[in-house]
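The report that follows describes the strand pairing, the burial and one loop residue of a single protein chain. Please keep the sequence and the model at hand while reading.

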Amino acid sequence: MVSLKHAYRALLCSAASLALLNISPDTLASDTRISVSDSHGEPLPNAVVEVYFPHSASRDTRVEHIYQRNAAFHPEVLAVPVDSQVAFPNEDTTRHHVFSFSDAKTFDLNLYLNETPPPVHFDTPGVVVLGCNIHDHMQAFIVVSNAPFYAMTDDRGQVSLPSLPSGQHRVRVWHQRLHDSQQRWWEGEIASDEQLSVPLELRATPKPPEKLSPLQQRFKEAT
Ligand SMILES: [Cu+2]
């Protein structure tokens, strides 16, 4: 039989461990989360969340892929660390012409079918809007991030964060329907032990990809 004194000591010990959990967010696994929803409270998957905090780890750059199948880009949203490369393989039996005129990366992969062009290097942070010059409805986004932590929300509109240093940290959230320019971010802050909910005011319908202007068309033909 457990004595009252032992039970009391056990209670004290578990209270001490709980207190330890609360005061050491730097060293223990965190369940800090950011939840992103629309203004009606519906969870938003595929939103990109960035958290900025002091860190020394180097970036894990790599080659990613956005492939084309059934005249659509897959995935539709890709988040990569700055200095990553992305290849654009075509899995369709028709040709595609992938391009972007975004400030973060302007490029043009002229009509191709089976021979995937060399990967494109994304060396500037920002949102790159992709289109296809043949299929106007095709659209995708590459979010190039220089934040120490970035992730995309899951089906529940959530992102789990690593253990954050104590204090307030800058947070940015992007969603393709946040603003017509598709370049606007929601900005805020999160504390190391906080659960943050971000409701976004979205525009009603997705904007079709930017078409080549007559001037851009002439520029393209001249190069
Ligand atoms: Cu296409």
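In this predicted model, a convenient place to begin is the bridge between valine 98 and its partner in β11, cysteine 132. That bridge belongs with the antiparallel pairing of strand β8 (residues 96-102) and β11, which extends over 2 bridges. On β11 there is also a pairing with strand β12 (residues 139-145), again in the antiparallel sense but over 6 bridges, and here glycine 131 stands opposite glutamine 139 of β12. The chain passes from β11 to β12 by way of a hairpin of 6 residues. Strand β11 itself, covering residues 126-132, is mostly covered, with 6 of its 7 residues buried.

A further set of strands forms an open sheet of 4 strands, arranged in the order β13-β2-β15-β16 with antiparallel pairing. Because β13 (149-152) and β16 (186-191) stand at the edges and each has a single partner strand, one side of each is left without a neighbour in the sheet. From one strand to the next, the twist averages 25°. Within this sheet, strand β2 (residues 48-52) and strand β15 (residues 168-174) pair over 5 bridges in the antiparallel sense, and valine 49 is found opposite valine 173 of β15.

The antiparallel pairs described above are set out here with their bridge counts.

| Strand pair | Sense | Bridges |
|---|---|---|
| β8 (residues 96-102) and β11 | antiparallel | 2 bridges |
| β11 and β12 (residues 139-145) | antiparallel | 6 bridges |
| β2 (residues 48-52) and β15 (residues 168-174) | antiparallel | 5 bridges |

Outside the strands, glutamate 91 lies in the loop that runs between β7 (84-87) and β8. Is glutamate 91 buried or exposed? Glutamate 91 counts as exposed because 12 other C-beta atoms lie within 10 Å, and the cut-off for that class is 12 or fewer. Even so, once its neighbours within four places in sequence are left aside, glutamate 91 is in contact with Tyr67, Gln68 and Arg69. For glutamine 68, the separation from glutamate 91 is 23 residues in sequence, while the C-alpha to C-alpha distance is 5.6 Å.

Turning to the protein as a whole, the secondary structure comes to 2 helices and 17 strands. Of its 223 residues, 27% count as buried. Among contacts with a separation of 6 or more, 64% are accounted for by residues 24 or more positions apart.

Conventions:
Residues are numbered from 1 along each chain as its sequence is written. This is a predicted model: local features need pLDDT of at least 70, side-chain atom pairs count only at pLDDT 80 or more; totals for chains, interfaces and linings use all residues. A residue is buried if 20 or more other C-beta atoms lie within 10 Å of its own, exposed if 12 or fewer, and partly exposed in between; C-beta atoms are placed from the backbone. Two strands pair if DSSP finds at least two bridges between them. Axes are lines fitted to C-alpha atoms, for helices over the stretch in contact, and angles run from 0 to 180 degrees between N-to-C directions. Two residues are in contact if their C-beta atoms, placed from the backbone, lie within 7 Å.
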